[in-house]
Amino acid sequence: MPSPAGLFDEESRLKAIAAKACAENVDGLLDSLSGVLEPGQEPMVRQKLEMMPVSFRLVYVEAMLGNSLASSVKAFCSECCGYDRESTGSCVCKGCPHWPYRPYQK
Ligand code: SF4
């Protein structure tokens, strides 16, 4: 029988697999936003989703749902730095209003 830690690892692994499968499906992500997008907004959102790495899509969707300012900053900074986590965390644009909140700081 697996240890509780082993079960947690397996659960985390399965959640990660499900999230990745979900993130790869742009149409499914757009469906999850259907209640919040304004008329004419979907093509722009689709274009962004298709252009960004899959691993950044869920944060972007969370931001677009309008429920998380933290996700909004994370998505914005990630796009600003070409989806490079190292560059985002070490951003030197200290005049940017997002700078104190930028993700991936060390
Ligand atoms: S803090 Fe840096 S990475 Fe974030 S939006 Fe501003 S300039 Fe871009």
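Student: Which residues of helix α4 (residues 57–64) are buried?
Tutor: This is a predicted model, and burial in it is judged from the C-beta atoms around each residue, with 20 or more others within 10 Å needed for a residue to count as buried. In helix α4, which spans residues 57–64, the residues that are buried are Arg 57, Val 59, Tyr 60, Val 61 and Met 64.

Student: Which helix gives the most to the largest nonpolar core?
Tutor: The largest nonpolar core has six residues in all, namely Leu 49, Val 59, Tyr 60, Val 61, Met 64 and Ala 75. In soluble globular proteins, nonpolar side chains tend to be buried together. With four residues, the helix that gives the most to this core is α4.

Student: Leaving aside its neighbours within four places in sequence, which residues is Val 59 in contact with?
Tutor: Val 59 is one of the buried residues of helix α4, and it also belongs to the largest nonpolar core. Once neighbours within four places in sequence are left aside, the residues in contact with Val 59 are Ser 71, Lys 74 and Ala 75.

Student: Is Ser 12 buried or exposed?
Tutor: Ser 12 has its place in helix α1, residues 4–24. A residue counts as exposed if 12 or fewer other C-beta atoms lie within 10 Å of its own. Because Ser 12 has 10 other C-beta atoms within 10 Å, Ser 12 is exposed.

Student: Where is Tyr 83 found, given that its phi is positive?
Tutor: Most residues other than glycine have a negative phi. Tyr 83, a residue other than glycine, has a positive value near 60°, and it is partly exposed, with 15 other C-beta atoms within 10 Å. Tyr 83 is found in the loop between α5 and α6 (85–89).

Student: What is the phi of Tyr 104?
Tutor: Tyr 104 lies in the segment after α6, where it is partly exposed, with 16 other C-beta atoms within 10 Å. Although Tyr 104 is not a glycine, its phi is positive, at about 65°.

Student: Which helix gives the most to the shell around the ligand?
Tutor: The ligand is surrounded by Phe 76, Cys 77, Cys 80, Cys 81, Thr 88, Cys 91, Cys 93, Cys 96, His 98, Trp 99 and Arg 102. By class, this shell has eight nonpolar, two polar and one charged residues. With three residues, the helix that gives the most to the shell is α5, residues 69–80.

Definitions and conventions:
Residues numbered from 1 in each chain as written. Predicted model: local features only at pLDDT ≥ 70, side-chain atom pairs only at ≥ 80, totals over all residues. Near = placed C-beta within 6 Å. Helix = DSSP H or I, 4+ residues; strand = E, 2+ residues; numbered from the N terminus. Nonpolar A, V, L, I, M, F, W, Y, C, P; charged D, E, K, R; others polar. Core = buried A, V, L, I, M, F, W, Y, C linked by C-beta atoms within 7 Å. Contact = placed C-beta atoms within 7 Å.
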